Structure formats: structure tokens, C-alpha cells
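Got your viewer open? Here is a short tour, one selection at a time.

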Amino acid sequence: MKMQFSRAAIALFTAAALFTACTKDDPAPGQDSETKYVLITLSDRVTGTKAGFISAFDEMPTGAISNATAGSLEGQGMGGWRTYGNNIYKMFRTEDYATGIEKINIAADGTVTAGQFISSKDQAAAAKYFGTGNFVIKDDDTGYYWDAAEPTKIQKFNPSSMTVSLGSIDLTEVLNERGTGEDGIKFRSAGQKLLAIKGNKLYANLTYAKNDASQIGFFDDFFPDVYIAVIDLQNETYEKTISIKNTGSITYINENHMYDYDTNGDLYIVCQGRSSIGGQSKIARIKANETDIDATWELDYAADYTDDYNGKFVGVFAKDGKLILTVNTEPLTGSNINSANIWKFYAVDVATKDFTEITGVPVGTNPGAAMAAVEVDGKVLLRGSTVGGENGYYEYNPSNQTATLAFSVNAGGAVSGFHKIEVQ
Amino acid sequence: MVTALAILMAVYVHGQPGTLTGMVTDEQGNVLVGASVTIGGAVSPQITDHAGRFAFANLPSGNYTLRVTHVGYAEYIETIRFDGRKTELTIRLSAQATILEGATVIGKTETQQIREQAIRAVVVDTRAVAEQPTTLAELMNRAPGIRIRQSGGLGNAVDVSVNGFQGNSVQYFRDGIPLEYLGGGYGINNVPINLLERAEVYKGVVPVSLGGDALGGAINLVTRQHIGSMLDISYEVASFNTHIANLSAYHHTRSGWFVGFDAFYNYSDNDYNADVEVVNENANLVPATVPLFHNGYSHYFLETYAGVSNTSWTDELRFSVAHYNMDRESQHPALMTNPYGALTMHNKGWIPSLRYRKAFGAFAVDQFISYSAVDRSRIDTVRGTYNWYGDFTPHTGIGESPRPSLSAVDFNNIIARTNLGYRISESHSLNANIIINHNRRIGTDPYGLRFAGTDIDVLSKEAIYSKTIAGMSWESKWLDERLVNQLTAKFFRFNTRGINGFMANATDLDDYTTSENNNWGIGNAVKYTLGDRHLLRASVELTNRLPRENELFGDNDTRAPNFDLEPERSLNANFGYRYQSSQLTAEVGTFYRKTKGMILLVPVQPPFAQYQNLDSIRGYGVDIDLTYQIGQVLQLNTNATWQDNRMVDIGDGLYKWIEGTRLRNTPYFFANAAAVGNLGSVLSTNDKLKPYLHWNFIREFYLNHIPRDAEPDGFLGLFGQAKVPVTNVVPNQHLVSAGINYFFATQPISVAFEMKNIANSKLYDYYKIQRPGRSFHVKVNYHLTKKR
């Protein structure tokens, strides 16, 4: 009997040793460099969680590159980011797609890691009400963000230490100034979609939502106009409410680049319109030294681009009196908006509102949360990514409205963003 | 070689007529309860009692054909001469086919036959471990090539992976009927093993008789077979306030009428500790270990049946009514990112069914029909949210999830299955099977989705789904039955009717979309036996997996409908070798698969996703299973499975880099080892003690695709880690469980104790959902068999 049990024990031990004798590989060594070109790609075709990669390169990429390398960060929520100086922030946690603010760390050897994460104070509320982590940064020590836990307040955080406890700006009374007792308004919030700073003023959209399920506050405006609260950041006091007339769906969390500042300081704000496939979409402006919507200027999708509201603006990049936009070439439907090559680049003259097609960059998929146009080393780079496989950034030549391929990406997914930093 | 041994002992001489008594045991001398003993049609058959004994009183002297059967053992037949003296027999049944001196054994056990048929099946012998506090999912996880993934504790959903096929590619049956007719009230995740004879797992070709559209895997739950009258009761109590009770009763009259009742009740708080992250004062997430507080599960299933058997007009006519009710608390969404504290799910149903079987000479018919009325609801109406500690924060909005709900959805399902068999000769037979499945969905949800621009509930519009699967097989035996060939052909058809609408799409509410699709499949399986120890088999099949109702209709939430889906098609090939001796059983199986047009969930328009025919998968793999018997007191078993399923035919597009990457969220190596003891006369004569130890290992795998050249190095990728820092990885997992099972000598009672996850290891399944830590289980079984 003992012998029989001994044989059994030896067999089990041997098997256990075989399966547990795994060793960790050492990470591949990187090259130390202070300057990093950081690329994010999205590969979410069959995941639904915005899976993808972030890599840091020592030099401006050229040719065909992989974005899934030894130092890359793999994870979720790779749909976009916002940058502040040499810092990169993401609104989705790499580990599990939770919404909040995640700082991306870039090491001198090029290793990319997910850093600290500011969560909603109420994780369940953040999962129910989309938008937690929509943020804007004022300076190294102060930023503002929206938290579903307290939807009518704007929270403060320290973007360096990634901590909160700085208090909040309460806009509950401001939100209740309109729509009192209106049953059709299911949800109110301040700063859920737009938080922008210009001239020491904070601009926070006021949401009056009709939906009480699925993306509450997005594409479900109760009022035909959209409202923006203006807050003086000198003492963080509410100043007034301004509005953009006859439109809807102002911006869409800040990873989607739906507002931008022109070289002269003018702020351009995208409104996607009545639904997720458009209608009454427009771009409004607040001039550099103003705090009201410029009543003399707007770029209307139907009036200025085509004759019908069959699409929408999905982003804006402003420089030297020109806007770079991507606009749909076919009427939007639920099936082509994100999966067809229908988004074409145009340069729009702010003064004349003339649309000029930019050639050389392919008509591609929806840049959505991606950075459709970025400026790195003084070059404006345009995102070109198609279903067929064209995938890279194209250098824009404003003199002849053409673009030429700067680099392409062959592994890791669709390009979503590109940024240059100095490692701190 | 093992044995069926008959020891005939004449005790003392007596006048005529006399009494013939005896006892039936297994090879180890353990008494077998419920064995059927017959000595010809003129004498009433007997069933062994709790001591394994039987008796024929007032038996005239003469020649009799003694026939002893017991499920799981070889049939024993012997011609005996009874001379009127009181005679005591001891009959030892074998689990293996053999011929012994003085006894004639015909056929093999059903389990053995299934294991050795041309179409390979892994047989999970539930009957053999029915007394243990073990779930069916745990048992199946110990089999080669099979992974059961369960999202959490008792009662939560399971997904079976067979050779890398998973989800809807694997189908489930009960006694050959698609399990869906029982509406979720009876399945791998909830049925106690006491109610089952065995579970057959088909890897590769699926037999025509199952009538499914599985791509490469099917599981057939075979219900317990009853003889005579019996009562079976078991009760298990376990950690996390878990209670599992089972009651089964059966009575068979001399005239052939029978009546039976099967019931089980499962309850668990499932309040095991889980590692989560909670928010600190700086709004940073910090680790915390908390008991799950809203993870309970309650479920009962009742089925009563009656009928008649072995008459001139029927072999069996059986009418059955099943009813179940299932309530489940939902602790978190698909990932454990945030808690729920009030969201519940409910499912209940009534299912009458009728089955008729009759063999007319060479012709046999088996007809089944059922109607299922199933009500499902999801309740999420609380105005507020919970944190991981169970604290409630009120909010004005309805529901704690992104989708508030007060749904009531009715599903009506009719399944008709006809199986016809015809034996052409001793060596050739035909089998034809057709299944018609019609499903209708309609419901309400005051908080549910509305068609765009209207206040019309999406659920209020009827949706229809029906499918027909027909097949025919020809089995032929050659070379003195050493070569068996089975050629199969199948026909697949589905049609749907519903409204193809979701948010932001123009929807015509009067325009019902219809869709239909017809396809063919073909397969062949061959088995060759070398001597009595070696068996070779090979099979190849081109088959289809039809789109499922939920893939076509969507889920009334963020999954948009797609009525244009087409079936997945797969070419599967399998080759295997089996060796068996009295001490060692060894089996090696290999497979190849190429699946085209996989139906995958694809993000379309936020927040919607939609099932689409997308990628292809090519894979191959091998599994090895060894069982070694050391004397009669210890059995060792080990198996290992390695499979290499990879994305192919991605094309030249944006996702070309995925070409060649592993199938995501799917383990590619796992192994088991077990030691099972069998000790007799431990505390008293004829009692029995069965200690056992099980170890399970799963190699780390990745939730998302990573480039092939970044995969771990080492033999078959078994060692090291990925060369890119992978965030979404499920780490190596070890599960060790052990228990003892004690059978009283004089009472039909057994008790069992088991400790699961002894090391309290971190275990994950289904996108890193945590599974319970160490737990303790006690189970008591009572089994009574009454002579007719």
C-alpha cells in the first residue's frame, strides 16, 4: 500500500514541478533618450473595449513601424488621449476600461506604463453615467474634471500628484435655472462633455438630458440650444451662461478633439447635432478676448458644407485662421459611421468658410476619439487610416493642400494619436 | 483484462421448489445497488437492494438464463441449472468487456461503448462520483481537451471550450434533445450530478443522432437510468451559505407503467471574498478584499413524468412536465469594475414534453416533442448606486446599471425531434434524424429601448426564429467488425422574422425583415481495432453553425440586431489512438480545424455592437490522457491539453497584424492530475472509504490579441512571459481540491467531505472574473432501491 501511494505522490510531484518551472523573461533593454515620440493605436474590432497599444520612440518614426513592441503598453481604452505639456492623460483606465483620468508614464528607456488613476468617487455611477474624467488642465497643480458621483459639480484635481481633495465648483443652482419641473429632463450635469479654459475662464457645458439609459447626456438634448456656463477661475465663481443656438450634442468628452484654439487664441467648439448621425451640426466660436459665443460666425454643416443635414463635424484642428476638419462623404448611418472609408480631410478658411479638400491622405474611417490632426516638430500631421489597411500619419502641406505619408503603422491597430514629449 | 466472476456455492440440499439468492458486486467487491437480475420471462425480475442482494423464492428447478445488468457495468449472462436446493450466488460485474471461464459476457457498458465508438467522445462518468460534493462543471474540467469557464460562483453562466471551440460553437443536449428546450433551468451550471448517468463530450464530429449545428463540440447529458423502484436523496451544505438538495424517485409496475419525479434545489449567497479596488479620499483606487454582497442564486427544478414501457405497441411512451424558477443577484457587470447592489435576473418556465420509442424488427423510431413557455426578466429600478462595501448612495436616475429595466420577456419554443433507425444487416445500419426548432420572443420593458423617434417598445414587436437540422448516417462494419465506418450528411436551415432597428437607424415598424439560409454538411468517421487493446480512429467533417437568436435579434440593449448573418462553416479533422490494459488506459487525440466566417461581436456605432461574420480560425492540438490502476486501492489519472488556435485570413486590411495571433481569451494549455483511493472495511466490515485529490493547472492566457512574435518563448509557449507588457492577462492558475467519501456498510447512506481550492489560490474565469477561494463541502446521500 505504501509503495502504491509513494508512486502516486512521485507522479504528482513530478507533474507539479513540470508545470510550475516557469521563469520570467527579462524585459528587452531600451535606449535612453529624453525626447520621445509617443504613438497610440486602437485595435478594437472584436473587443469592444478599445484595446490597443502605446509606444514611445526615440526619433520621429519613418517608414513602416510596429506599435506593439517590447516597451509598449497593451491595454484597454486606447481610443484617444489629451496632452498637457509633457504629460499624457487618458480617460479610460488601461487595465479595465474604467472611466476617470489615467496618467501615462514614459520612461527614458522607452517603456510605457499606466500611471496613477483618478477614479470616480462612485464607481457604479461612473459606469452608468458616461463621462467621468472629462477634464481640462489649468496649470501644473490644478485641473478640473467631471465626476458622475456629483454630476452638477465640477471637481478639481492636481495633475502632477494625481490627487483630488481640492474641492469643487457647484453649478446645481445654475443648472436649475431652466427646465424647472420639466419631466422630460431626466438628467442634469455640468462639464460632462465640454471643459475648456480660455483667458482664465472655464467653459463648462450644461447638460439637460432626455434619456435615462445608455449614454445619458449624449445625443439626447432636451433643449434645441446648448448651454455653456462661464466660470471665472480667478476665484472660481460662476459668471454667466452662454448658448449656441439651434444645435445639439456639444463636443463629446475631451478625448474626442472637438474643440481647439486657433493661433490667435480663438476657441472653436464642435456641436455634433441632434443625434449620433448628425443633424444641425455646427462649429461655433468664442473669440480670443470674448466670453460670449460669436454671433457673427458659425460653420453650419448644411449651410456651409452641403445642402442637407446628413452628417456631422467630428473634430476640429485650428491654426493660422484655418480649420482642418474631417467630414463624411456619404450620408451617415448606424453602420457606416465607424467602419467605412467615408471621412475626408478638408481645410476650411475661417474668413470665407470655403472648404478645400486635402489630397494625399486617404478618405478613411472615423477619427472619432483619435487625434485627426496633430502638430509635432512644427509639422501638421493628419491621421490616415482605412479599412483597407492604409494606416499612418501624413504630413500636411498648407501651401498646396496636399499631404504625404510620414510613417505608417503595421501592427497594433489604427493610429489614434501622436505626441512628442520630453521625459521628465 | 478484468473479470466477471461467478461463484456458485451450494449451501445445503432442499426440496423443490427452492430459493435462489445472491449478491451483486463490482470488481472490488463493493455491493451494487439497483442491479437488475432476471432468469427468464416467466419469473419476475429482481432489483438488488441496498446490500446488493436479490432473491427468487419458490423457484422450480430447471435451466435458467441468468442475466444481470447494472448501468456502468458489463452485462452478465450465464446459463445455470437450478436443482431446487437453496443456492447462493455472488456475481461480480466488470466495467470492462471480457470473456471469462465459466461465464459469458456480451456487449460492453454504455460508457465503454461511447468511449470506443468511431466518433470520439470523452465520457464524464457522473454516476461513479455521484456521492461526491462535486459539480458537473468541475468534473468536466478534469477531462482532456475541455475547459469549463464559469463567471463566478454556483449558478453563474458557464461556457464550454472544446478544442478551442466555444460559445455557440458548442451545443448542449439532454438525452439527445437540444437542451435549450429546458430554458436554462437545467444545464451544466446547475444540474446536480446525482441526476445524471454521464456526460458525453463530442470533440470534432458530432453524431447525426444529436441533430445539432455545433461546429466542433457537443455535450450530451445522459439522465440517470432507473430500474424497478428507487428513491435517491442527497443534500450538500457548503461554504458561502450554499445548499444543494436533490430528490429523485421512480416506480415501475409489473404491467409496464412507470412514474417518476426528479427535483433539485440550489441556493448560495456566493458571498466569497474578492479582490477589488475601492476609492480612497484622493479618488485613487486602492486594493481591498471584500465579501461579495449581492451575488446570491436560488434555483429549483421539478420534473415529473409517467408512461408505459415494454408493451406490444411501445418500448417507451413518456409524458413529462418540467417547471423551474431561477433568481439571481447580479453583483457586477461583465467586468468587476463596479458593484451592483440591487439588480436581479429572473427566469422561470413550464415545459411539457412527450417521447415515444419503438423498435419494429429492424426499424426503430424515437419521437420527441416539447413546448416551452419561458419568462425572463431583468430588474434594475433602484434609484441609486452601491459601493463594494454595500453602502447605498441615492441618485435621481432609475437603475444602477447603464440600462434600467423592468422587463418581462416571453419565449415560446417548440422542439420536435424524430430519429429513425434501420438495420440493413448485421454489418450495416442507417440512422436519420431531424430537429425542428421554432422560437418566438415578445415582451415589454417600460424602461427598455424604444424604436428611434417613437415610444414603441422594441420588445413589443414579435421576433421569430426557427431552424431545421436534418441528418443521415450510414454505419458499416468490416473485417470482422474490427473496422467500423460512419458516413454522415447533414442539412441546415434557419429562417427569421423581426424588425431590424436600433437607435439612429431609420426603422419601418411595419416592415418585418425576414432572412433564411440553407447549407449542407458532410462527415465521415472510422474506427479500427487492433486486438483487444488498441484502437485507432479518425474523423473529418464539414459542418455549419447557424446564427443564434440573440445574435440575430440583439439583446434589447447595446447589441444591435443583424438579420444578415450567415452560418459559420468549419472543417474539422480528428485522429486518435486508445490503448487499454488491465492497469493502464492511455489515449491520445489530435485535431485540426479551419473555421470561416466566425460570428463575432463588433463595435459599430457607440454604444452599440453587432454580431458579424468576420474572421477565420485555424487550429490544431493534442490531448493526452493516462489512467493507471495501482492494485485495487489507488487509481492515478493525468491529462494535458495543448492547442494552437490562431486567427487567419484576416486579409490585407488594417488588422492584418492580427493574422497568426492566438484566439484571444482562450486557454491554450491546461492539465490535470488526480489520485483516487478505494479502501474497504475501514471502520466496519464492507464499508468503503474513497479519498481523492485533484489538481488542475491553466497556463496564462491573454484577453486581447498580442503579436505572434511577442508571445512567450519556450517549448510550445509554455514558459516565460509575453515580450510586450500585457495588461490584460489571466495568470497561471492552480486549483487543488481533495475530499473523502464514506459509504456505510449496512445502510444505503454515504457521506462526503471536500475542500476545494485548498491553497486558496486566485482563480479567474471569463475576462478575469474572480472565482471562490477555499471552500468546504459536506454531502449526504441516501439511495434506496426496492424490489418489485
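Start with a working rule: two residues are in contact if their C-beta atoms, placed from the backbone, lie within 7 Å. With that, select the contact between chains A and B: 73 residues come from chain A and 71 residues from chain B. Before going on, note that this is a predicted model, where local features need pLDDT of at least 70, side-chain atom pairs count only at pLDDT 80 or more, and totals for chains, interfaces and linings use all residues. Residues are numbered from 1 along each chain as its sequence is written, while chains are lettered from A and ligands numbered from 1 in the order in which they are written.

Stay on the side of chain A that touches chain B. Helices (H or I, at least four residues) and strands (E, at least two) are DSSP runs, numbered from the N terminus. Which element of chain A gives the most here? Pick helix 1 of chain A, with 9 residues. Other elements supplying at least two residues include strand 8 (112-119) and strand 28 (402-411) of chain A. Colour this side by residue class and you get 29 nonpolar, 31 polar and 13 charged. Here Ala, Val, Leu, Ile, Met, Phe, Trp, Tyr, Cys and Pro count as nonpolar, Asp, Glu, Lys and Arg as charged, and the others, Gly among them, as polar.

Next, some sheets. Two strands pair if DSSP finds at least two bridges between them. Select strands 9 to 12 of chain A: they make an open antiparallel sheet of 4 strands, in the order 9-10-11-12. Strand 9 (135-139) and strand 12 (168-170) of chain A are the edges, each pairing on one side only. Inside, strands 10 (142-146) and 11 (153-157) of chain A share 4 bridges; zoom in on Y145(A) and its bridge partner Q155(A).

Now jump to strand 15 (226-232) of chain A, where 5 of 7 residues are buried (20 or more other C-beta atoms within 10 Å of a residue's own, with C-beta atoms placed from the backbone). Strand 14 (201-209) of chain A pairs with strand 15 of chain A in the antiparallel sense over 6 bridges, and L202(A) stands opposite I231(A). Strand 16 (237-244) of chain A also runs antiparallel to strand 15 of chain A, joined by 7 bridges. Strands 15 and 16 of chain A form a hairpin with 4 residues between them, and E236(A) in the turn has a positive phi of about 55°.

Last stop, chain B: 5 strands form an open sheet in the order 9-14-15-12-13, with mixed pairing. Strands 12 (170-174) and 15 (217-223) of chain B pair in the parallel sense over 5 bridges, with R174(B) opposite L221(B).

Technical notes: Buried ≥ 20, exposed ≤ 12 C-beta atoms within 10 Å, placed from the backbone.
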